[in-house]
Amino acid sequence: MEKKRIKLGPLDTAGSVAAENRWVYRQLKAGAMEPNLAMKMSQILMNQRGMVETSDVENKITALEKKLTDLLNKGAGSNVVRFRKSGGFDI
């Protein structure tokens with residue numbers, strides 16, 4: 001079989017990765033892609049999606065930690081929940 005170059009769209013969001021995985025599925029279903037290649041591409045895309053999702057979660061946690069630190073530094077008063085390093089919390 002002749003090797004074709006496959007060009008995928010951007011893979012920078014979980015949604016865009018899922019869209020590319022749907023494209024692979026449609027190609028397989030139409031008989032335009034061999035099952036072995038489709039399986040490999042789908043696995044790569046699933047791995048990419050996991051990395052994108054992990055990166056998004058890390059960014060959100062970092063933003064939340066910054067907001068919490070900003071609140072604590074402002075001395076917002078007794079309505080702030082202060083977390084201890086041991087995992088518990090004080091009110």
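Trainee: How much area does the protein chain expose, and what share of it do carbon and sulfur atoms supply?

Mentor: The protein chain exposes about 7,600 Å², of which carbon and sulfur atoms supply 57%, with accessible areas taken from the Shrake-Rupley method with a 1.4 Å probe, where for residues only the protein chains shown count as cover. This is a predicted model, in which local features need pLDDT of at least 70 and side-chain atom pairs count only at pLDDT 80 or more, while totals for chains, interfaces and linings use all residues. Residues are numbered from 1 along each chain as its sequence is written, and side-chain values use heavy atoms, with hydrogens and water left out.

Trainee: Where is confidence lowest and where is it highest in the protein chain?

Mentor: On pLDDT, the predictor's confidence in each residue from 0 to 100, strand β2 (residues 89-90) is lowest at a mean of 54, and helix α1 (residues 14-29) is highest at 95. Helices (H or I, at least four residues) and strands (E, at least two) are DSSP runs, numbered from the N terminus.

Trainee: Why are Val17, Val24, Met33, Ala38, Met41 and Leu45 called a nonpolar core?

Mentor: These six residues make up the largest nonpolar core, because the term covers buried Ala, Val, Leu, Ile, Met, Phe, Trp, Tyr and Cys residues joined through side-chain atoms within 4.5 Å, buried meaning under 20% relative accessible area with a 1.4 Å probe, protein chains only. Helices α1 and α2 (35-74) each supply at least two residues of this core.

Trainee: Which residues does Leu45 contact beyond its neighbours within four places in sequence?

Mentor: Leu45 is in contact (heavy atoms within 4.5 Å) with Leu8, Leu11, Val17, Glu20, Asn21 and Val24.

Note on methods:
Buried < 20%, exposed > 50% of the residue type's maximum accessible area, 1.4 Å probe, protein only.
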